[in-house]
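Hi everyone, thanks for coming. Please have the structure open on your screens, and we'll walk through it together.

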Amino acid sequence: MAEPTYDRIGVGYATKRVPEPRWVAQIARALGDARTVLNVGAGSGNYEPVDRQVVGVEPSSTMIAQRRNGNPVVQGVAEDLPFADGRFDAALAILTVHHWTDRAAGLAELRRVSGRQVLVVYEPLVSHSFWLVDYFPEVLTADLETGAPTPDEIGRHLRLVDVETMWIPADCSDGVAAAYWRRPEAYLDPDVQRSMSILALLPDDVVARGAAALAKDLEDGTWHRRHGHLLERSEADYGYRLAIAEG
Ligand SMILES: C[S@@+](CC[C@H](N)C(=O)[O-])C[C@H]1O[C@@H](n2cnc3c(N)ncnc32)[C@H](O)[C@@H]1O
């Protein structure tokens, strides 16, 4: 296997990517009464239930080393799951499908091994309206973004029964790309930049240039003039979606 990308960019994930309690509850509801759960692209184990039988699948040793919840994990990829047909009541895939090299194969594997599939993906059309893109427009042409699967695309591979909005609270504890929509200074923190793949995968000079422009706009009041209305809000939708499929 080639060096998994997250062996390089996954450092510090455990401190900046703390599961968001509101998303934990939303995912738990989507899993319904599933007793056995496979978490594919499991990373450090965020969002893995601890009150069900859970197995993780994850390619990156760096991510596996940051796991703390005690659930067993297998080093592997979505495209080739080492489990029998129908082995799990449900499969989880959280913010991982856009990283897979062959998502049709991975989604077919999810469907083969589980009766219900619960995925967190994002809707690029909505996420691109996020103000951060003004400072780092290069993210729009990054492979990860241009290839990100929409809920519609997931629906071409799985039998979708519901798609829910995942609202991002203003104090979101999981440092996903849009987590700091109301805390703009956070994007100047190198640890924050390193723990979100859209910035971690950009060249250092591009990140430095975008961060300098943001710092200037924060200092001279430009950011507040343009986006200050966001400070009144308690939650926002920047395209994160919970896709629930069955069969
Ligand atoms: C943004 S992280 C999400 C981790 C975890 N699901 C979470 O929500 O915290 C994406 C994960 O997908 C993993 N990944 C990348 N390619 C994969 C593949 N082909 N199959 C399974 N997982 C993969 C990465 O190593 C990384 O841990």
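Let's start at A91, and with what it touches once we set aside its neighbours within four places in sequence: A91 is in contact with L38, V40, L110, V113, S114 and Q117. Please keep in mind that this is a predicted model.

So where does A91 belong? The largest nonpolar core has 63 residues, and A91 is among those with the most contacts inside it, along with V40 and L92. Strand 4 gives the largest share of this core, six residues. As a general background point, nonpolar side chains in soluble globular proteins tend to be buried together.

Next, follow V40 into the sheet. V40 has partners in two strands: it stands opposite V57 in strand 2, and its bridge partner in strand 4 is A93. Strand 1 and strand 2 run parallel and are joined by five bridges. Strand 1 also pairs with strand 4 in the parallel sense, this time over four bridges. Is strand 1 enclosed or open to the outside? Four of its five residues are buried, so strand 1 is largely enclosed by the rest of the structure.

Now zoom out to the whole sheet. If you're new to sheets, remember that their strands pair through backbone hydrogen bonds, either parallel or antiparallel. Here, seven strands form an open sheet, with mixed pairing, and the order is 3-2-1-4-5-9-6. Which strands stand at the edges? They are strand 3, residues 73-75, and strand 6, residues 160-165; each has a single partner strand, so one side of each is left without a neighbour in the sheet. From one strand to the next, the twist averages 20 degrees.

Over at strand 3, the pairing with strand 2, residues 53-58, is parallel and uses three bridges. One facing pair to look for is E58 and Q75, the latter in strand 3. Helix 3, residues 21-31, packs on the sheet and touches strands 1, 4, 5, 6 and 9. The direction of helix 3 makes about 15 degrees with that of strand 9.

Let's turn to two residues with an unusual backbone. Most residues other than glycine have a negative phi. Y47, however, has a positive phi, near 70 degrees. You'll find Y47 in the loop between strand 1 and strand 2. Y47 counts as buried because 20 other C-beta atoms lie within 10 Å. L95 also has a positive phi, near 50 degrees, and sits in the loop between strand 4 and helix 5. L95 counts as buried too, because it has 20 C-beta neighbours inside 10 Å.

Y47 brings us to P19, in the loop between helix 2 and helix 3. Beyond its neighbours within four places in sequence, P19 is in contact with V24, N46, Y47, S173 and D174. Is P19 buried or partly exposed? It counts as partly exposed, because it has 16 C-beta neighbours inside 10 Å.

Last stop, the ligand. How many residues are around it? There are 23, and Y6, G41, G43, N46 and H99 come nearest. You've just met N46, as a contact of P19. The shell around the ligand divides into 12 nonpolar, eight polar and three charged residues.

That's the tour, and I'm happy to go back to any part of it.

Terms used
Residues numbered from 1 in each chain as written. Predicted model: local features only at pLDDT ≥ 70, side-chain atom pairs only at ≥ 80, totals over all residues. Near = placed C-beta within 6 Å. Nonpolar A, V, L, I, M, F, W, Y, C, P; charged D, E, K, R; others polar. Pairing = 2+ DSSP bridges. Axes fitted to C-alpha atoms, helices over the stretch in contact; angles between N-to-C directions. Contact = placed C-beta atoms within 7 Å. Buried ≥ 20, exposed ≤ 12 C-beta atoms within 10 Å, placed from the backbone. Core = buried A, V, L, I, M, F, W, Y, C linked by C-beta atoms within 7 Å.
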